[in-house]
Amino acid sequence: MTRQVQRSIPAARSAQAVDAPAAGETAPSATSTLAPNASGTGVPRRVFLQGVAAGAAGFWVAGRGAWADEAKAATAPADKVRLGIIGVAGRATENLNEEDNAIASQEIVAICDVDANNLGKVGERFPGAAKYADFRKLLERNDLDAVVVSTADHCHAPATLIALATGKHVYCEKPLAHTVEEARRVTEAAAKYKRVTQMGIQIHNTGGNYRRVVEAVRAGAIGTVNHVHVVFPSAKWTGGDLPAGDPPAPTTLNYDLWVGPQPFRPYKKVYHPAGWRSYWHWGTGTLGDMGCHFMDLPFWALNLGRPTKVKSDGPPVHPDGAPEWLVTTWDFPAAGGRAPVQVTWHHGGKTPEGWSTWGLPQGKKTGVVFVGDKGKLFADYNMHKVLGEAGADYKAPPKTLPDPIGHHREWLAAVRKNDPTMANCNFDYSGPLAETVLLGTVAYRAGKELTWDAASLKATNAPEADQFVRQGTYRKGWGMDVLQTL
Ligand SMILES: NC(=O)c1ccc[n+]([C@@H]2O[C@H](COP(=O)([O-])OP(=O)(O)OC[C@H]3O[C@@H](n4cnc5c(N)ncnc54)[C@H](O)[C@@H]3O)[C@@H](O)[C@H]2O)c1
């Protein structure tokens with residue numbers, strides 16, 4: 001099928017502005033994309049209006065193909081999505097390569113990284129792409145259809161909010177944001193600007209296992225589910241006292257831009273790459289890192305929505321570092337014909353009572369156990385099994401969910417059709433999931449069970465938790481002023 005994409009965002013293909021990373025470069029707040037303006041969004045009128053136009057008209061595709069057509073990577077230039085990549089190494093490499101280079105085979109118009117080495121390497125792969133160290137500069141471009149955000153967690157929300165407000169579709173890595181409030185605002189922005197979004201929890205759309213579990217649970221394979229346990233044995237992202245001394249950042253890293261919206265803290269070698277996860281100032285620990293992948297399954301199968309209570313046990317709270325272990329329980333009230341249900345996360349060697357007697361498949365230590373009044377169902381990324389007696393004569397229910405076409409492919413297909421509903425992990429779905437996961441870290445740091453009012457984003461019994469729900473202060477010029485206008 002030959003398709004022609006008509007973009008409502010005018011292509012300014014000659015605009016190959018290059019903002020090459022320079023060591024020690026200071027964030028140029030005077031040239032911020034978010035100077036106050038008449039639109040009231042903090043977005044320059046020129047860009048804002050283009051964003052609105054894109055939201056209203058979108059770009060259309062002549063002829064609506066079947067899902068199978070959409071699954072094929074577009075090869076005709078007119079079908080390619082014009083992409084900006086923000087954060088180009090680590091997970092970004094997988095985002096570029098997975099699903100047979102589904103993302104890398106689009107038109108990579110611009111790439112951005114604060115690490116000159118990483119940017120340089122990826123620049124060799126995409127020689128035609130403009131290079132940036134500052135994502136705000138990249139996001140000033142009005143010739144991009146969409147961006148992929150794979151930076152550290154503390155930069156997810158600012159990059160995503162600016163992208164949405166300037167009319168770009170967004171693929172953003174889990175856990176979507178650094179705080180509960182940011183996750184909510186990003187979700188609201190996606191709805192307001194009508195952009196196609198997807199959070200990076202690729203297992204949702206890889207193979208069919210999660211879908212078969214959702215069908216089994218919904219078909220009552222283990223009766224009424226009243227508890228779900230998620231077990232992740234490792235304590236991968238644990239932080240404690242920061243190393244002494246303030247060494248200079250490598251000359252190839254623009255640390256000021258890496259810090260981005262966060263109140264400035266001196267460089268430590270343990271932060272970059274990847275280690276930032278272990279420190280609250282930048283990351284969200286093991287729960288924030290892995291929670292969205294596994295909690296996705298009960299969220300989907302039981303349509304959990306937002307919790308009303310959350311408590312989190314762990315070792316004594318460290319002001320900087322994330323804990324070695326957590327046992328976190330969320331309460332979800334009855335909804336949509338579903339009974340009330342609790343979900344408990346265990347990491348760092350913690351397991352539910354009776355875990356070793358549940359008859360888990362040989363060698364399985366990581367995964368999700370749904371506990372129903374008629375049995376238990378174990379699942380991980382790749383397989384699932386109804387345990388015990390209930391499993392003996394278990395027959396899978398008929399398939400009701402189509403097999404996935406791939407997480408990136410699904411998002412790209414939705415972008416081509418300008419249809420946010422075609423992306424299964426759009427922020428409408430994944431925002432509440434990320435909020436819930438992040439709320440677990442809030443309860444731990446607040447040190448008490450929280451009664452949660454999701455509508456007002458407040459723990460009604462614990463005003464002291466507010467400092468962890470939202471971040472009071474951001475450095476100026478990083479897009480977080482958009483928070484105030486949504
Ligand atoms: N979906 C998954 O399976 C999966 C797996 C791993 C990581 N992740 C997520 O991907 C994200 C990145 O994780 P990682 O392990 O690749 O981290 P990382 O620190 O190894 O890499 C992040 C990259 O982004 C760059 N970067 C950081 N801040 C930037 C900024 N402000 N502007 C531009 N570039 C910036 C870094 O220089 C680096 O190249 C995180 O949100 C993480 O949770 C998801």
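Start by selecting helix H13: this helix has 20 residues and reaches 26 Å from its first C-alpha to its last, close to the 28 Å expected at 1.5 Å a residue. Keep in mind as you look around that this is a predicted model.

Now turn on the neighbours of H13. How many of its residues are buried? H13 is mostly covered, with 18 of the 20 counted as buried. Then step just past the end of the helix and click on Gly 447, which follows H13 and has a positive phi, near 75 degrees.

Next, the nonpolar core. In soluble globular proteins, nonpolar side chains tend to be buried together. Here the largest nonpolar core holds 129 residues, and you can pick out Leu 83, Val 217, Leu 377 and Val 442 as the ones that touch the most other members. Go back to H13 (residues 427–446) for a moment: that helix gives this core its largest share, eleven residues. Try colouring domain 1 (5–205 + 406–426 + 472–485) and domain 2 (209–238 + 279–401); both give residues to this core, so the core lies between them.

Zoom in on Val 217. Ignoring neighbours within four places in sequence, Val 217 is in contact with Val 225, Ala 301, Leu 302, Phe 370 and Leu 377.

Last stop: the ligand. Which residues are closest to the ligand? Select Gly 87, Ala 89, Gly 90, Arg 91 and Pro 273, the closest of the 29 residues that surround it. Helix H3 (91–101) and helix H9 (255–259) are the elements that give two or more residues to this shell. Colour the shell by residue type and you'll find 13 nonpolar, nine polar and seven charged residues.

Conventions
Residues are numbered from 1 along each chain as its sequence is written. This is a predicted model: local features need pLDDT of at least 70, side-chain atom pairs count only at pLDDT 80 or more; totals for chains, interfaces and linings use all residues. A residue is near a molecule or strand if its C-beta atom, placed from the backbone, lies within 6 Å of it. Helices (H or I, at least four residues) and strands (E, at least two) are DSSP runs, numbered from the N terminus. Ala, Val, Leu, Ile, Met, Phe, Trp, Tyr, Cys and Pro count as nonpolar, Asp, Glu, Lys and Arg as charged, and the others, Gly among them, as polar. A nonpolar core is a set of buried Ala, Val, Leu, Ile, Met, Phe, Trp, Tyr and Cys residues joined through C-beta atoms within 7 Å. A residue is buried if 20 or more other C-beta atoms lie within 10 Å of its own, exposed if 12 or fewer, and partly exposed in between; C-beta atoms are placed from the backbone. Domain bounds come from an automatic or database domain assignment. Two residues are in contact if their C-beta atoms, placed from the backbone, lie within 7 Å. The expected span of a helix is 1.5 Å times one less than its number of residues.
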